Amino acid sequence: MKRFIIFFLVLGLFSCNEKVVEEPENLIPKEKMVTILHDLALLNATKSSYKAALELHDIRIMDFLYQQHDIDSAQFAKSDLYYASLPLEYQSIYEKVEALLEKESADLEHIVQKRNDSVRKAQEKKRDSIVDAAGDKTSKP
């Protein structure tokens with residue numbers, strides 16, 4: 001029984017080192033893959049909001065993505081499959097994509113907040129000038 005358990009432990013250790021998917025010849029580098037997946041996330045978000053505009057201009061998201069990054073569908077599919085076969089690498093890629101999206105979201109929130117503050121200050125200034133003008137008219141004899 002002890003030999004049986006040891007056999008399966010050794011077998012398990014050797015099977016962990018076996019590559020499930022061989023590295024493709026034209027593998028997309030990890031950092032470029034992060035950029036591509038980031039752009040894909042943005043394009044898919046755009047698709048849900050502006051589907052009619054994309055259809056009107058006959059923009060196909062994946063074709064646009066391939067053209068922007070100078071890749072083809074087979075290269076993307078093989079690279080994605082390869083990285084997916086390496087769970088830690090794949091997780092690292094998606095964590096970087098998520099960090100980029102969160103940073104952009106925070107930047108946009110900051111810009112919106114800054115714009116809202118400017119609008120609020122302008123409205124307060126306008127209101128104060130109207131109140132001052134009304135106060136000047138009522139205080140004169």
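This is a short talk about the helices, the buried residues and a few single residues of one protein chain.

Before the details, note that this is a predicted model, in which local features need pLDDT of at least 70, side-chain atom pairs count only at pLDDT 80 or more, and totals for chains, interfaces and linings use all residues. Residues are numbered from 1 along each chain as its sequence is written, and side-chain values use heavy atoms, with hydrogens and water left out.

I start with the whole chain. There are six helices and zero strands, so defined that helices (H or I, at least four residues) and strands (E, at least two) are DSSP runs, numbered from the N terminus. Along the sequence the pattern reads α-α-α-α-α-α.

How much of the chain is buried? Of its 141 residues, 18% count as buried. Buried means under 20% relative accessible area, exposed means over 50%, and partly exposed is in between, with a 1.4 Å probe and protein chains only. The accessible surface comes to about 11,500 Å², and 59% of that belongs to carbon and sulfur atoms. Those areas come from the Shrake-Rupley method with a 1.4 Å probe, and for residues only the protein chains shown count as cover.

Next, contacts, meaning heavy atoms within 4.5 Å. Take the contacts between residues at least 6 apart in sequence: 74% of them join residues at least 24 apart.

Now helix 2, residues 30-49. Its 20 residues, at 1.5 Å a residue, should span 28 Å, and the end C-alpha atoms are 29 Å apart, which agrees. The expected span is 1.5 Å times one less than the number of residues. Buried in helix 2 are M33, V34, I36, L37, H38, L40 and L43. Keep M33 in mind.

Helix 5 covers residues 73-84. For its 12 residues the expected span is 16 Å, and the end C-alpha atoms are 16 Å apart, so the two agree. Which residues of helix 5 are buried? They are Q75, F76, S79, Y82 and Y83. These cover an arc of only 135 degrees around the axis, which puts them on the same side of helix 5. The arc is that of the directions from the helix axis to the C-beta atoms. In general, an α-helix has 3.6 residues a turn, so residues three or four places apart point the same way.

The N-terminal end of helix 5 is capped by D72, with a side-chain oxygen 3.2 Å from the backbone nitrogen of A74.

One residue of helix 5 deserves its own slide, and that is S79. S79 has a relative accessible area of 0%, so it is buried. What does the side chain of S79 reach? It reaches the backbone nitrogen of I28 at 3.0 Å. That is a polar contact: a pair of N or O atoms within 3.5 Å, where, within protein, one must be able to donate a hydrogen and the other to accept it, and residues adjacent in sequence count only if both atoms are side-chain atoms. Leaving aside neighbours within four places in sequence, S79 is in contact with P24, N26, L27, I28 and M33. M33 is one of the buried residues of helix 2.

Helix 6 runs over residues 87-139, and both Y90 and Y94 lie in it, four residues apart, about one turn of the helix. A search of the whole structure finds three aromatic pairs. Y90 and Y94 form an edge-to-face pair, 5.1 Å centre to centre with 75 degrees between the planes. Rings of Phe, Tyr and Trp (its six-membered ring) pair if their centres lie within 6.5 Å; planes under 30 degrees apart are stacked, over 60 edge-to-face, and the rest tilted.

Are these two tyrosines buried, partly exposed or exposed? Y90 is partly exposed at 21%, and Y94 is partly exposed at 37%. Not counting residues up to four places away in sequence, Y90 touches D80, Y83 and A84. The C-alpha atoms of Y90 and M33 are 9.9 Å apart, with their positions 57 residues apart along the chain.

Last, the loops. Between helix 3 (51-56) and helix 4 (61-69) sits I59, which counts as partly exposed at 39% relative accessibility. With residues up to four places away not counted, I59 touches L54 and F64. D58 is in that loop too, and its phi is positive, about 50 degrees, although D58 is not a glycine.

D70 lies in the loop between helix 4 and helix 5. Its phi is also positive, near 55 degrees, in a residue other than glycine. At 69% relative accessibility, D70 counts as exposed.
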